[in-house]
Amino acid sequence: MKVRSVKMPIYGALIARFILLLVLYSLLRLGFYLGNRALFPNMAPQQLFSIFLGGIKFDLSALLYINILYILLQILPFPFRHHALYQKIAKGLFILTNSIGIAANIIDIAYYKFTLKRTTGTVFSQFINEQNKLKLTVDFLLDYWYLLFVLIFLVYLMARLYNGIDLKNPKKPSIRYYLGHTILCFAFAWLAVVGMRGGWRHSTRPITLSNAGDYVQSPNQMSIVLNTPFAIIRTLKAVNLKPVHYYDDATLQSIYNPIHLPSDTAAFKPLNVVFLIIESLGKEHIGALNRDLAKGTYKGYTPFIDSLVENGYTFTHTYANGRKSIDALPSIISGIPSIKEPFVLSTYSGNKTTSMAKLLADKGYETAFFHGAPNGSMGFSAYTKLAGIQHYYGKTEYNNDADFDGIWGIWDEPFLQFMAKTMNTFHPPFFTAFFSLSSHHPFKVPAQYVGKFPKGPLEVQEPMGYTDMALRKFFETASKMPWFKQTLFVLCADHATVSYFPEYQTIPGAFSIPILFYYPGGNLRGKTDKLVQQIDIMPSVLSYLHYDKPYFAFGFNAFAPETNNFVINNNDGTFSLYYGDYLLLSDGQLSTALYNLKKDRLTKHNIMGEEPEILEKMETYLKAFIQQYNNRMIQDDLTYHPAK
């Protein structure tokens, strides 16, 4: 096959070769889809087009990682890069690295049907101890011999097309030459970093597997959006959960069972449900929840939330399941905690899951998520789509940059007003969730409010006062709307933050947040002495609505009279399990500390050897949780399945 060569400047040749690779990856995506078409039924052409278009973002990221050394060789601002031998070495590197990437994609055309996922970085640990790797490889090649020919053809095609691009002779080096090419070198390096991350905004996390959810209607379709090199690169350091079998099935279900059954026969109550998730709202900042601090004189920084506490329902000990914003949404909306790494960044993010949105949508609810940041920030839009939330309202939908804070997104006050007015257009019943952003670093308030709120010893407390005021104005607006009294509000934080009082400078304090239920049309008021966590919110709300079908969630029903519930979180590989008055610290195999929080709030006295019965019971709960969590994640079993 003869290819007519085209002469280009070195940067033009680099771009042209990347376009060639993007076309090859789109062809590989098409091959992946066609080879597994039976597993992706009812795909409309426009949906497939959207998936292929979205896949370019992931292809570009993977190709930039694969070709990082080749790019560096091409953009160095020195004339020697045009030398024939130099370019031959660069070509060999290009062909070798990209052949590996093409091969990885081709393997998944055949392998996907066995795993129903793109191959990830865990493949290396999965096969590291296999003694018959050579035989497995030979068997694979014999079974799928035709894919070997596809690989050879695509590598050959790539090499021929590479040769079709020649470099123009460089201009004679001069100061102008070195200056211009140095600028281009840094420009291309910056563009490469942006492409690897999947965006340039500081609020955009580097894209990962879960971001493919932006382009699909069901989690299994994420594999079409993704490519295998990207899936491997992004999960090389991922946590690879291992199956555990501490208990037989019957014993396990008796200890801890994440399947929730209807608790009564009452008719379903179709209240509207609104989640208000407040950025960094540690429990310490709320005066009504800390009457004992500063010898009873502490007032806190959230007077409106104080009024909700007095008129709502809460619990004595309420905790986040993580320490990051990205941990919060799966915990609150899907009842799935993040263990060792954020769930939405893990290799299990594409698992079939349930959520408040999905379950209530089945009851005819309209569902929406509101977050004032640029759409795509924090991967929220991808997660909410996978969670079955029908509408996403972000900075794009707000469409007024006059209220942009200059860093994170739209100030909380105007965005909450936008949310109230938008919800007023929904047909009840509806489920919505709001995630605030103004109480985020660098802890600023709008210019017209500077000096209006107490600053306190922590920088976060002034903007917390602003967000509290924004919530007050939201409730003032909402209270005039016809749906208000038929709405159950749930207010909580995404995570706690920096603390001032010693009582919160502990492990329990680092996870202490408010969890508050408020129903203006009912008599849901009071405070119960109980442990409650973010993953309990979903089952608690569904219980309050008398949801009448079984479902899956890792949390407990906070309104249930039983007190054998526990709270779980994991930070940097260490589990914290709370049960009754006690806190257990463990790495999952070996317990390291036990505290009686009622007697020892500051966690100064490790009583590991003093309470053997409590220790045994808490270790039993922890093992049961780990067994349920690990095995269900591995088996992609995060939904309810009726008994056959």
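Is D292 buried, partly exposed or exposed? D292 is partly exposed, with a relative accessible area of 49%; buried means under 20%, exposed over 50%, and partly exposed in between, with a 1.4 Å probe and protein chains only.

This is a predicted model, in which local features need pLDDT of at least 70, side-chain atom pairs count only at pLDDT 80 or more, and totals for chains, interfaces and linings use all residues. Residues are numbered from 1 along each chain as its sequence is written, and side-chain values use heavy atoms, with hydrogens and water left out.

**Salt bridges**

Keep D292 selected and add R601. Their side chains form a salt bridge, with an N to O distance of 3.0 Å; the term denotes a side-chain nitrogen of Lys or Arg within 4 Å of a carboxyl oxygen of Asp or Glu. The two residues are 309 apart along the chain: R601 is in the loop between β16 (591–596) and α21 (612–634), and D292 is in the loop between β4 and α12. Helices here are DSSP runs of H or I with at least four residues, strands are runs of E with at least two, and both are numbered from the N terminus. R601 is partly exposed, at 34% relative accessibility.

Next, select E310 and R291, whose side chains meet in a salt bridge at 3.2 Å, N to O. E310 belongs to helix α12 (residues 303–311) and R291 to the loop between β4 (272–278) and α12, so this pair ties together parts that are 19 residues apart in sequence.

For a further pair, select D548 and K363, which meet in a salt bridge at 2.8 Å, N to O. D548 is in the loop between α20 (537–544) and β12 (551–552), while K363 is in the loop between α14 (356–361) and β6 (366–371), 185 residues away in sequence. D548 is partly exposed at 38% relative accessible area, and K363 is partly exposed at 27%. The count by this rule comes to nine salt bridges.

**Around α12 and its preceding loop**

Return to the loop between β4 and α12 and select A294. A294 is not a glycine, yet its phi is positive, about 50 degrees. Most residues other than glycine have a negative phi, and most peptide bonds are trans. A294 is partly exposed, at 37% relative accessibility.

Then move into helix α12 and select V309. V309 is buried, with a relative accessible area of 11%. Adding M8 shows a pair 301 residues apart in sequence and 68 Å apart in space, C-alpha to C-alpha.

**Helix α13 and the loop after it**

How many of the 10 residues of helix α13 (residues 325–334) are buried? The count is 10 of the 10, so α13 is largely enclosed by the rest of the structure. Among the buried residues are I326, D327, L329 and P330. G335 follows α13 and has a positive phi, near 70 degrees. Continue to K340, in the loop between α13 and α14. K340 is not a glycine, but has a positive phi of about 75 degrees, and is partly exposed at 44% relative accessibility.

**Helix pairs**

Select helix α17 (residues 412–423) and helix α18 (residues 461–478): their axes come within 8 Å and cross at roughly 25 degrees. That makes α17 roughly parallel to α18. Axes are lines fitted to C-alpha atoms, for helices over the stretch in contact, and angles run from 0 to 180 degrees between N-to-C directions. Angles under 35 degrees count as roughly parallel, over 145 as roughly antiparallel, 65 to 115 as roughly perpendicular and the rest as oblique.

Now display α1 with helix α3 (residues 68–75), which pack at about 160 degrees with axes 10 Å apart. The two helices are therefore roughly antiparallel.

**Cis peptide bonds**

Select P428 and P429, which are joined by a cis peptide bond with omega near 0 degrees. P429 is in the loop between α17 and β8 (430–435). The bond from H441 to P442 is also cis, with omega near 15 degrees, and P442 is in the loop between β8 and α18.

**Last stop**

Finally, select K168, in the loop between β2 (165–167) and α8 (175–197). K168 is partly exposed, at 43% relative accessibility. Its C-alpha is 5.3 Å from that of P9, although the two residues are 159 apart along the chain.
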